[in-house]
Amino acid sequence: MKWGRFLSFLLIVCVIIGLTAGTSFQLWRGVRLGLDLQGGFDLLYKIESTPSTGPVTQKGVQAVLQAVQMRVDSLGVSSPIIDLEKAGGQNEVRVQLAGQFNQQNAENVIGKTAQLRIYGPKPKVVSGKTVPGQYVVDKSNLLLTGKDLKSDAHYSQNQLGQNVIDLTFKNKKKWAQVTKKYLNKPVYTYLNGKLLTSATIDSIISNGQTQLSGPTSGPDAFTPQYCQTLSKELNAGALPYPLKLISSNSVGPSLGFASLKATMWAGLAAIIIIFLFMIVFYRMAGLIADLALVAYGYLTLGTFSGMHVVLTLSGLAALVLGIGMAVDANIITYERIKDEVRNGRSIQSAVIAGNRRAMRAIIDANATTFIAGGVMYWFGHGDIRGFAIALMISIVISMLTAVLLSRAMLLLFTKSNIVKRPWWYGVRKGGAKS
Amino acid sequence: MKKRFDIIRHRMWFFILSGTITVAGLVVFLTMGFNLGTDFVAGSRVQLTLNQTVNTSKVRQMLDAAQLSVGPNAITVAGTKRHTAVIRFSTVLTQSQLAKVQQLEKKTFHSTKYSSETVSPIVAQTTSKKAVWAVLLASLFIVVYVSIRFEYRFAVAAIVALLHDAFIVMSVFALLRLPIDLPFVAAVLTIVGYSVNDTIVIFDRIRENQGIAKPRTFGELERMVDKSLWQTMSRSINTVITVLIAAVMLYFFGGESIHDFTFALIVGLVSGAYSSIFIASPIWVVWKGKQMKDGRKDKLTPEQQTS
């Protein structure tokens with residue numbers, strides 16, 4: 001009996017149980033849940049090139065991502081996910097929004113561009129003669145665009161009680177010059193290709209400010225809500241390329257929550273049965289394996305929350321499968337130990353030899369599965385990717401816990417000499433001799 | 001040692017069994033095809049969770065009111081309480097159509113648990129291509145790794161076993177008309193990983209025993225592999241039992257959305273354990289045995305070989 005070793009063994013046990021019991025709830029709350037677990041929706045946009053934009057460039061794609069980020073932020077969604085996906089040489093942007101809100105509104109804000117263009121006037125011509133004092137739009141004379149706006153557009157009401165959008169131009173001088181040049185003449189404001197106003201400028205504006213007013217009825221009526229949405233679109237700036245929505249997927253939150261709860265309970269029940277199975281078959285060694293499994297679960301959760309991995313239902317299933325692989329590593333080792341005991345070795349040398357001989361099989365077996373996970377990550381997207389990440393993380397952590405930790409604990413326990421009968425390692429009474 | 005069932009000696013039976021299943025699977029593929037889910041076929045899928053048992057004709061009436069006509073098999077009922085209606089549209093629904101369905105659902109069934117999934121052809125095509133490539137490439141990478149760590153015969157035998165398992169799972173899904181979707185692909189890839197994991201542990205023991213026993217004849221080789229199989233048998237069984245416990249629990253009590261996923265896992269796990277023992281190792285024996293000259297003669301007098 002060596003108390004020092006036994007006490008260090010007990011210390012490890014206490015640390016594992018203490019840490020898990022103390023902080024796992026907090027860790028669990030730090031894990032981000034996928035849309036299938038907490039509800040929300042997933043939008044996939046294709047970045048399209050048009051003759052006017054030219055081919056999609058790397059820089060342009062970054063600009064799109066930035067613009068989309070700004071737009072999503074303006075929705076006020078907590079922790080959105082915006083990813084660039086390159087599928088078959090095409091650039092796609094995946095936006096995942098968790099929670100429940102107006103999907104239609106979100107789609108509009110993300111995908112649509114509020115294109116503001118202000119054109120200058122030209123004299124109206126009737127049968128070859130100019131009509132003095134009357135003007136029409138001169139589309140060849142683009143004065144300002146949405147790009148010239150500061151992103152502080154907001155809804156307000158003017159003195160007449162009309163709903164308007166307050167705008168500020170970045171370059172005050174430019175706007176002052178425009179108002180000076182076209183004083184007492186109209187300028188034409190187009191929104192998304194439609195004429196919004198053709199207001200006559202009645203004074204030089206030097207503070208860079210202006211107001212947009214619009215129709216009071218019809219589909220594009222300037223309701224307070226419309227003005228607010230429009231302000232957001234204007235603030236987000238123009239997208240360098242048009243985005244086309246190619247796929248959308250929405251999950252009701254209560255549906256996801258019910259699935260999550262059921263899966264959690266099933267997982268818990270499975271783990272308890274596996275724990276009992278290991279104790280029944282491998283006794284003390286099984287108990288050590290179970291403790292290593294607890295550490296495995298704890299570290300996996302910690303990694304998920306630390307790496308901000310999004311946990312989906314299939315990822316959850318991969319974790320449970322990872323538990324199976326971690327158990328396998330222990331079973332391989334314990335069966336080896338049993339073999340060694342049957343070959344007539346003492347418990348101590350059997351544990352040492354068994355661990356050593358099991359190592360190669362465990363490494364090779366885990367490496368091949370890890371390779372499969374890597375290929376999944378490389379080639380898959382969405383669900384498959386989440387699954388692959390969960391699988392790879394669980395393999396690495398199972399190598400650390402089910403192999404290194406479990407092995408250290410088993411060796412400490414064995415060397416403490418607290419038990420001598422092979423029964424404690426799941427070897428049957430008569431088994432030691434054959 | 002007790003007299004044990006000689007797995008390698010009876011390999012023909014296992015080859016015949018797996019061959020029959022493979023041929024049956026092929027027939028099923030060719031005659032029935034797959035029931036491809038929305039991940040692979042463009043269209044929309046709407047899932048309604050009602051607070052009552054689903055009445056299919058009522059759902060159909062509701063869709064008629066929305067002027068969305070669906071085929072005779074488009075509405076399926078799911079869930080333990082049969083509260084979930086899954087409607088499959090072969091066309092991609094527009095946002096306003098989806099909104100209408102949601103609105104009607106609220107009105108007809110007073111339920112708000114609604115989810116929809118829409119996939120356009122472009123995404124579906126890239127997804128299915130990616131899935132096939134992932135399986136083939138994973139196999140290729142595994143072959144390379146196993147060839148380096150073991151030898152190429154082991155690698156090929158392991159790949160035959162894993163393709164066998166993936167094939168059986170696909171056959172079962174085709175036969176039972178279960179949907180092939182992205183979670184299914186993840187399941188098949190897991191099975192591929194598990195199958196090879198399981199096979200490698202057994203091969204590791206064969207590799208080790210091969211170094212000790214150094215078989216020179218076909219008979220010796222057969223005995224050595226058979227012994228290796230039985231040495232790893234309790235590990236093979238215990239491992240598959242523990243993983244099956246998890247899969248079965250998730251199948252019966254886990255969330256609705258992973259039901260088919262876990263079913264695929266269960267079929268694949270059983271097949272994976274079977275193929276590692278009864279297919280992969282015998283294939284390696286037959287192939288490796290070709291090297292040995294006096295194999296035939298030796299095989300007739302196995303009693304001379306004592307292990």
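Student: Which residue does B:E151 form a salt bridge with, and how far apart are the closest N and O atoms?
Tutor: With B:R153; the closest N and O atoms are 3.0 Å apart. Keep in mind that this is a predicted model.

Student: Buried or exposed, B:E151 and B:R153?
Tutor: Both of them are buried.

Student: What about B:E151 and B:K288?
Tutor: They form a salt bridge too, with 3.8 Å between the closest N and O atoms. B:K288 is buried, as is B:E151.

Student: Where do B:E151 and B:K288 lie, and what does the pair tie together?
Tutor: B:E151 is in the loop between α4 and α5 of chain B, and B:K288 is in helix α9 (residues 259–289) of that chain, so the pair ties together parts that are 137 residues apart in sequence.

Student: How many salt bridges over all chains?
Tutor: The structure holds 18.

Student: Which residue of chain B does A:R336 form a salt bridge with?
Tutor: B:E208, with the closest N and O atoms 2.8 Å apart. A:R336 belongs to helix α8 (residues 313–342) of chain A and B:E208 to helix α6 (residues 182–213) of chain B, so this pair joins two chains.

Student: And are those two buried or exposed?
Tutor: A:R336 and B:E208 are both buried.

Student: Which residues are joined with them into one network?
Tutor: Through salt bridges that share partners, A:R336 and B:E208 are in one network with A:E340, A:R345, A:R357, A:R360, A:D364, B:R149, B:D204 and B:R207.

Student: New topic. What makes up the nonpolar surface patch?
Tutor: A:W378 from chain A, together with B:L140, B:F141, B:V144 and B:I148 from chain B. The patch covers about 540 Å².

Student: Which element gives the largest share?
Tutor: Helix α4 (residues 121–149) of chain B, with four residues. B:V144 is in that helix.

Student: Why does B:V144 count as partly exposed?
Tutor: Because its relative accessibility is 46%, and the partly exposed class runs between 20% and 50%.

Student: Let's do the chains as wholes. How many helices and strands in each?
Tutor: Chain A comes to ten helices and 13 strands. Chain B has ten helices and six strands.

Student: What percentage of each chain is buried?
Tutor: In chain A, 50% of the 434 residues count as buried. In chain B, the figure is 57% of 307 residues.

Student: How much area does each expose?
Tutor: Chain A exposes about 20,200 Å², of which carbon and sulfur atoms supply 58%. Chain B exposes about 14,000 Å², and there carbon and sulfur atoms supply 63%.

Student: What about contacts between residues far along the sequence?
Tutor: Counting contacts in chain A between residues at least 6 apart in sequence, 72% join residues at least 24 apart. In chain B, 80% of the contacts with a separation of 6 or more are between residues 24 or more positions apart.

Student: Where is B:G219, and how far in space from B:M292?
Tutor: B:G219 lies in helix α7 (residues 218–231) of chain B. B:G219 is 9.5 Å from B:M292, C-alpha to C-alpha, and the two are 73 residues apart in sequence.

Student: Is B:G219 buried or exposed?
Tutor: Buried, since its relative accessible area is 4%.

Student: Back to chain A. How do the side chains go along strand β11?
Tutor: They alternate along residues 209–213: A:T210 and A:L212 point to one face and are buried, while A:Q209, A:Q211 and A:S213 point to the other and are not buried.

Student: And which way do strand β8 and β11(A) run, with how many bridges?
Tutor: Strand β8 (residues 163–168) of chain A and β11(A) are antiparallel, joined by five bridges. A:D166 has A:Q211 of β11(A) as its bridge partner.

Student: What about the phi angles of B:R177 and B:K214?
Tutor: Neither is a glycine, yet phi is positive in both: about 60° for B:R177 and near 45° for B:K214. B:R177 is in the loop between α5 and β6 of chain B, and B:K214 is in the loop between α6 and α7 of chain B. B:R177 counts as partly exposed, at 33% relative accessibility.

Student: Last one: where is confidence in chain A lowest, and where highest?
Tutor: Lowest in helix α2 (residues 35–38), with a mean pLDDT of 69, and highest in helix α9 (residues 347–379), at 87. Chain A averages 80, and 89% of its residues score at least 70. Where pLDDT is low, the predicted coordinates should not be read in detail.

Notes:
Residues are numbered from 1 along each chain as its sequence is written. Chains are lettered from A and ligands numbered from 1 in the order in which they are written. Side-chain values use heavy atoms; hydrogens and water are left out. pLDDT is the predictor's confidence in each residue, from 0 to 100. Buried means under 20% relative accessible area, exposed over 50%, partly exposed in between (1.4 Å probe, protein chains only). Two strands pair if DSSP finds at least two bridges between them. Patches are made of residues with over 30% relative accessible area and no salt bridge: like charges are joined within 9 Å, nonpolar side chains (Val, Leu, Ile, Met, Phe, Trp, Tyr) within 5 Å. Accessible areas come from the Shrake-Rupley method with a 1.4 Å probe; for residues, only the protein chains shown count as cover. A salt bridge is a side-chain nitrogen of Lys or Arg within 4 Å of a carboxyl oxygen of Asp or Glu. Contact means heavy atoms within 4.5 Å.
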